[in-house]
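This report concerns a domain boundary and a nonpolar core. Please consult the sequence and the model shown here alongside the text.

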Amino acid sequence: MSKDNQILEEFTSKEYEHGWSVNYEADEAPIGLNEDIIKWISAKKEEPQWLLDWRLKAFRHWQEMTEPEWANVTYPKIDLQALRYYSAPKQAKKPKSLDEIDPELLQIYERLGISLNEQKRLQGIAVDAVLDSVSVGTTFKETLSKLGIIFCSFSEAVQEHPELVKKYLGSVVPMTDNYYAALNSAVFSDGSFCYIPSGVRCPMELSTYFRINAANTGQFERTLIVAEDDSYVSYLEGCTAPQRDENQLHAAVVEIYAAKNAEVKYSTVQNWFPGDKEGKGGIYNFVTKRGICAGDNSKISWTQVETGSAVTWKYPSCILKGDNSVGEFYSVAVTNNYQQADTGTKMIHIGKNTKSRIVSKGISAGKSQNSYRGQVQVMKRATNARNFSQCDSLLMGDKCGAHTFPYIDIQNSTAMVEHEATTSKIGEDQLFYCNQRGISTEDAVALIVNGYAKEVLNQLPMEFAVEAQKLLALTLEGSVG
Amino acid sequence: MASATQIDHLELLLGQDSSSSFPEMASSAREQALAAGLPAVKEEEYKFTAIQRKIEKSISDFGRAKVLELTPEQVAAALPEGFDGDYIVFNNGIPELNLSSFGQEGYTATLLSGSRPEKLGKVAKNEKDVFTAINTASFIDGLHIEVAKNQQIEKPIHFLFFNQSNSGQVINSRILIEVEANAEISFLENTVSVNDESYFLNQVTEVIAAPNSKSSYSRLQNESNQAITVNNFETDIHRDAVFTSNVISLGGDMVRNNLTLNLLDSGCEGNMYGLYLLNGKTHVDNHTNVDHTKPHAESNELYKGILADSSRGVFNGKIFVRQDAQKTNAFQQNNNILLSEDATINTKPQLEIWADDVKCSHGCTTGQLDEEALFYLQARGLGKDQAKGLMLYAFAGEVLEHIPDEAFRNHADALVKERLGTKI
């Protein structure tokens with residue numbers, strides 16, 4: 001066997017890098033879901049009464065809802081009563097600074113390549129790390145607080161800035177929005193909270209890293225980003241989970257509020273465990289993400305690289321309420337083996353002269369199914385709305401599927417809406433060209449795919465772009481024979 | 001589950017007396033229809049078309065519309081100017097062969113009750129759309145066309161629908177067309193609302209295009225604005241056959257077209273062209289479906305819409321490419337122009353692809369006329385309205401040019417021009 005082949009072999013057999021799990025002592029809620037559990041979670045987090053009431057209201061509403069079935073995905077029904085809704089790494093007391101955090105926890109993040117300590121010094125990215133249900137540590141807090149920026153775990157925000165949380169929680173994604181958002185509203189355990197005051201440009205990238213460690217838990221985190229007038233923030237989100245045979249549920253909610261002239265950039269590299277080659281295990285990723293451009297001239301930009309999860313069900317959306325506001329959605333979704341992804345966006349044009357842009361690149365390989373589902377809605381008063389959508393699909397192998405479901409609903413005659421989509425496979429001539437120049441087929445595919453996804457990857461902050469490129473190549477290893 | 005009121009309306013639609021020529025087929029279809037119920041807006045397929053509510057509101061007297069008096073003069077007046085070909089008259093959905101004209105050889109036109117074709121109901125299936133089931137359960141008689149092998153029918157066959165009811169009645173029409181191998185033929189269809197009373201026209205047309213045949217079907221929907229129409233049109237296209245559908249929708253209260261092309265073998269080609277030019281409160285919903293099942297087939301689709309007043313257009317174009325259908329070429333395009341603040345368009349160009357070696361694309365635009373092009377025309381001395389009319393006409397022309405028969409095309413063209421002349 002040549003050296004090349006060996007490397008290839010190693011690569012293809014390399015399944016999921018972050019598949020390990022660590023045994024640490026955890027503080028867990030009993031299995032099951034009922035009002036008592038919600039009260040238990042709320043009490044555990046020493047929450048104020050209004051939040052508990054809010055949770056209970058969401059829960060009661062959720063009980064009347066039924067699981068949505070319209071998505072182009074199939075999976076066995078999830079027994080929500082068999083899940084654990086709270087799991088927290090046990091720490092003697094609340095850490096005041098990173099130095100006090102249990103070294104074992106820090107090690108977990110170091111294995112993931114996110115050293116909370118090191119990052120503090122080197123990279124200039126503020127990280128909020130969330131393990132299972134709770135936030136374990138946030139870096140750079142002090143530097144940020146000098147500027148008036150609040151970046152902390154959600155529970156901390158509830159304690160220290162209840163007025164802000166109360167004002168914005170559920171303002172973009174109401175608790176009654178959909179089945180999983182209602183569930184999240186009832187049981188969410190932690191997440192990140194970020195507040196950028198008026199006129200402040202956040203000097204560094206803010207980042208949350210999610211990790212599911214415990215078995216049989218669902219992760220329900222909630223992220224709330226509020227950008228006041230004339231502010232700017234770029235926010236990153238990453239996620240991994242251990243390799244387990246059973247499926248795990250991740251139902252998060254992300255809300256973004258952008259006031260006048262504010263700009264929020266939200267980037268995700270989603271790499272939850274996708275299940276093994278036979279499609280066993282993996283994360284069910286049912287996420288509600290929505291941003292509102294509430295003020296004039298505001299801008300929200302979503303960038304996502306979706307490589308993980310067994311089933312993904314995710315539509316980061318923008319409500320373009322302010323005049324001249326802009327919404328963007330850039331997505332690369334890669335599915336391999338038995339993965340299923342139903343992802344896309346919603347652009348709701350309400351204000352005048354609003355603009356949106358959608359670039360979605362789907363890549364399906366193996367026996368996976370990849371769907372783009374999007375909606376562009378131009379309301380009656382949204383004069384001069386402009387939308388451009390492009391969704392391309394790349395198919396590798398004859399057992400996978402690529403689907404597009406774009407909904408375009410227009411009620412204003414001045415709207416200009418364009419949508420185009422193509423589906424194709426990697427051209428044999430392109431591969432041949434690369435082969436001729438001594439590039440192996442495997443490398444050529446990675447090269448072509450990266451070129452194909454470049455428009456989206458370019459939108460990512462540099463550190464993430466590198467990671468995303470590697471992930472793309474890795475996810476597709478062995479998919480071309 | 002169908003609710004109680006739904007069933008009531010459904011039963012009324014289905015009618016009590018069973019005078020169907022195919023009683024067995026009718027009774028099983030009736031059960032299927034009752035089990036399915038009328039589609040509610042909650043159902044994805046009828047999301048933007050509240051047909052159930054429309055039927056309940058508009059149809060008061062659910063009896064089957066009676067066959068009415070028709071004169072040869074009425075028929076002659078309904079034919080397009082300069083028309084040269086055969087024509088078949090449908091009197092409230094039922095073919096009236098003695099008023100029809102057959103000048104050409106090579107094909108046969110018989111009543112379904114006479115020929116009792118085996119393939120009836122095999123293309124458009126009851127379970128696919130409840131209105132097909134309602135039609136199967138309640139049509140009294142229909143038309144069967146057989147085009148013999150190797151026959152090239154030079155002149156078109158024109159179906160003329162005369163619809164008239166007294167306050168909201170149901171009209172069912174059923175057509176089965178079998179085009180044998182290597183045959184060539186083109187069909188035209190025009191609907192005439194004799195009076196302004198509301199009615200519900202439920203059409204089912206099935207076409208079987210045998211290997212290497214070439215056929216087309218052009219439809220002009222220009223009914224009174226009281227008419228509700230549901231049209232289920234399905235074609236099975238076999239090896240190397242070519243089938244083209246043209247649908248021009250100009251009027252009606254609510255129109256729903258379900259057009260399905262099944263590309264069943266290699267080398268076949270399916271084309272779908274559509275134009276909807278709407279004003280008033282007209283609601284037109286075009287659902288098209290192309291199913292590629294075998295390799296090396298091709299499909300083209302172009303639907304264009306111009307919407308004025310408070311009209312509403314719905315377009316849903318599905319392209320399925322099955323796993324076996326490698327080397328498929330599928331192309332779909334939908335363009336819309338909104339002319340008024342109150343017009344609405346809901347479009348959903350949908351691709352579902354399970355094969356990797358394919359070229360599929362779809363495009364969809366909604367907008368207004370190009371300001372620069374308008375300026376160009378105005379700079380050359382055209383008035384603004386004139387320039388607009390010219391541009392809209394050019395926009396529509398791209399669809400009209402696919403109509404094969406000259407007389408019919410001119411007729412449609414004149415109607416379109418007239419509409420655009422009054423700035424629709």
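In chain B, 16 residues of domain 1 are in contact with 11 residues of domain 2; contact requires C-beta atoms, placed from the backbone, within 7 Å. On the side of domain 1 of chain B that touches domain 2 of chain B, β7 (184-193), β9 (214-221) and β11 (242-249) of chain B each supply at least two residues. Strands are DSSP runs (E, at least two residues), and helices are runs of H or I with at least four, numbered from the N terminus.

The model is predicted: local features need pLDDT of at least 70, side-chain atom pairs count only at pLDDT 80 or more, and totals for chains, interfaces and linings use all residues. Residues are numbered from 1 along each chain as its sequence is written, while chains are lettered from A and ligands numbered from 1 in the order in which they are written.

The bounds below come from an automatic or database domain assignment.

| Domain | Residues |
|---|---|
| Domain 1 of chain B | 4-265 |
| Domain 2 of chain B | 371-424 |

The C-alpha centres of these two domains of chain B lie 30 Å apart.

The largest nonpolar core (buried Ala, Val, Leu, Ile, Met, Phe, Trp, Tyr and Cys residues joined through C-beta atoms within 7 Å; buried means 20 or more other C-beta atoms within 10 Å) has 230 residues. Its largest share, seven residues, comes from strand β8 (residues 199-209) of chain B. Because domain 1 and domain 2 of chain B both give residues to this core, it lies between them. Ala227(A) is among the residues with the most contacts inside the core; beyond neighbours within four places in sequence, its contacts include Ile196(A) and Tyr257(A).

Methods
Buried ≥ 20, exposed ≤ 12 C-beta atoms within 10 Å, placed from the backbone. Contact = placed C-beta atoms within 7 Å.
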